[in-house]
Amino acid sequence: MPFVDVSLARGKTPAYLEAVSRAVHDALVAELSMKPDDDFQLIHQHAPGEMVFSRTFRGGPRSDDWLVIRITDGLERGERAKRRFYRTLVRLLGESPGVRPEDVFVMMSLSAPDSFSFAGGVAGTDVGAAEALDAAEKAPETRAAYTTAELTYALTELFQHGDFDLVRPMLRSDLVLKLPASLPYGGVFSGIQPFADLFAGTPGGDAVWESFTVNVAQVIQADGHLLVQLTNTAVPKSTGTPKVIENLWLFEVDGGRISGAQLYADTAAASASG
């Protein structure tokens, strides 16, 4: 997910700009494992006097063809990979369009994945988790554990959109599900199937609710746990009056898998809430 800004003197040909762009992209793919289609760049051309730089400080001598390459990355690549990238970048720029090594100035900065949104108002962490889970689904035998970002994304999709397929492989076979005894469907259950049955529909179903809308307020990461805070808007059949029901799910994570799930429900708000 690196994003690239290139600044250079105005007046270069389109072919020159294209060669600079390709050199940067190819170096990122070769040395920082960037996906070939992950290609986002802005090229800024500056008039004389708009690029101020020392001709000799810690390098040089720099010429009027001095260019600045700023890369904002969502992953820490490590010093060795960055050193390889610098060398490859200088070599490729020298091959085409012929930029002198002394004129290549690089700045790399790290920005957390959730500081990126590629499109649609979706956080970069969700995009990355979705891509990883899609790859895992194609080769399920390769995943014995899941990252916190992947678990968070799958749980959000479960509650927000009812997508159980993402979270199913993350559940340990001995998962313990705890529901308040005051609920009609309350109790302590073991195994994946009770969890799957609970999320097959709205708890209580049409017998209890006229409508039930779930909204994930936030997912909190704690030591060995994920807390999913829900703000549900529901209309009980008994009253026909809309209610806002605050619930909290506590998920225990062991070895990158979900081993326990406990619901803390506002049981006083209605006869059932999930």
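The following exchange explains why certain terms are applied to this predicted model.

Me: What makes the chain more spread out than a compact globule?
Reply: The radius of gyration of the chain is 26 Å, whereas the globule rule gives 19 Å for 274 residues. The value is well over that of the rule, so the chain is described as more spread out than a compact globule. Along its principal axes, the C-alpha trace spans about 80 × 40 × 30 Å. Five helices and 11 strands are found in the chain.

Me: Why is strand E1 called largely enclosed by the rest of the structure?
Reply: A residue counts as buried when its relative accessible area is under 20%. In strand E1, which covers residues 3–9, six of the seven residues are buried, so the strand is largely enclosed by the rest of the structure. For the chain as a whole, 38% of the 274 residues count as buried.

Me: How do you know that E1 pairs with strand E3 and with strand E2?
Reply: Two strands pair if at least two bridges are found between them. E1 and E3 (residues 67–73) are joined by five bridges in the antiparallel sense, and Phe3 stands opposite Thr72 in E3. E1 and E2 (residues 41–46) are joined by six bridges in the parallel sense, with Leu8 opposite Gln45 in E2. Five bridges and six bridges each satisfy the requirement of at least two, and therefore both count as pairs.

Me: What makes strand E5 a partner of both E11 and E6?
Reply: The requirement of at least two bridges applies here as well. Strand E5 (residues 171–179) shares four bridges with strand E11 (residues 257–264), in the parallel sense; Lys178 stands opposite Gln262 in E11. Four bridges also join E5 to strand E6 (residues 187–190), and these run antiparallel. In E6, Ser190 is the bridge partner of Val176. Each set of four bridges meets the requirement, so E5 pairs with E11 and with E6.

Me: Why is Val127 called partly exposed?
Reply: The term covers residues that are neither under 20% nor over 50% in relative accessible area. Val127, in helix H3 (residues 124–138), has a relative accessible area of 27% and is therefore partly exposed. Not counting residues up to four places away in sequence, Val127 touches Phe118 and Val122.

Me: Why is Asp114 called exposed?
Reply: Exposed means over 50% relative accessible area. Asp114 has a value of 53%, so the term applies. This residue is found in the loop between strand E4 (104–110) and H3. Asp114 and Leu8 are 106 residues apart in sequence, and their C-alpha atoms are 30 Å apart in space.

Me: How do you know that Ser33 and Arg58 are exposed?
Reply: Ser33 has 64% relative accessibility and Arg58 has a relative accessible area of 77%. Both values are over 50%, so both residues count as exposed. Ser33 lies in the loop between helix H1 (14–32) and E2, while Arg58 is found in the loop between E2 and E3.

Me: What makes phi of Ser33 and of Arg58 notable as values in residues other than glycine?
Reply: Both are positive: phi is near 60° for Ser33 and near 50° for Arg58.

Me: Which residues does a cis peptide bond join, and what is omega?
Reply: One such bond joins Gly60 and Pro61, with omega about 5°; Pro61 is in the loop between E2 and E3. Another joins Ser96 and Pro97, with omega about 20°.

Methods
Residues are numbered from 1 along each chain as its sequence is written. This is a predicted model: local features need pLDDT of at least 70, side-chain atom pairs count only at pLDDT 80 or more; totals for chains, interfaces and linings use all residues. Side-chain values use heavy atoms; hydrogens and water are left out. The radius of gyration is taken over C-alpha atoms; the globule rule is 2.2 Å times the number of residues to the power 0.38. Buried means under 20% relative accessible area, exposed over 50%, partly exposed in between (1.4 Å probe, protein chains only). Contact means heavy atoms within 4.5 Å.
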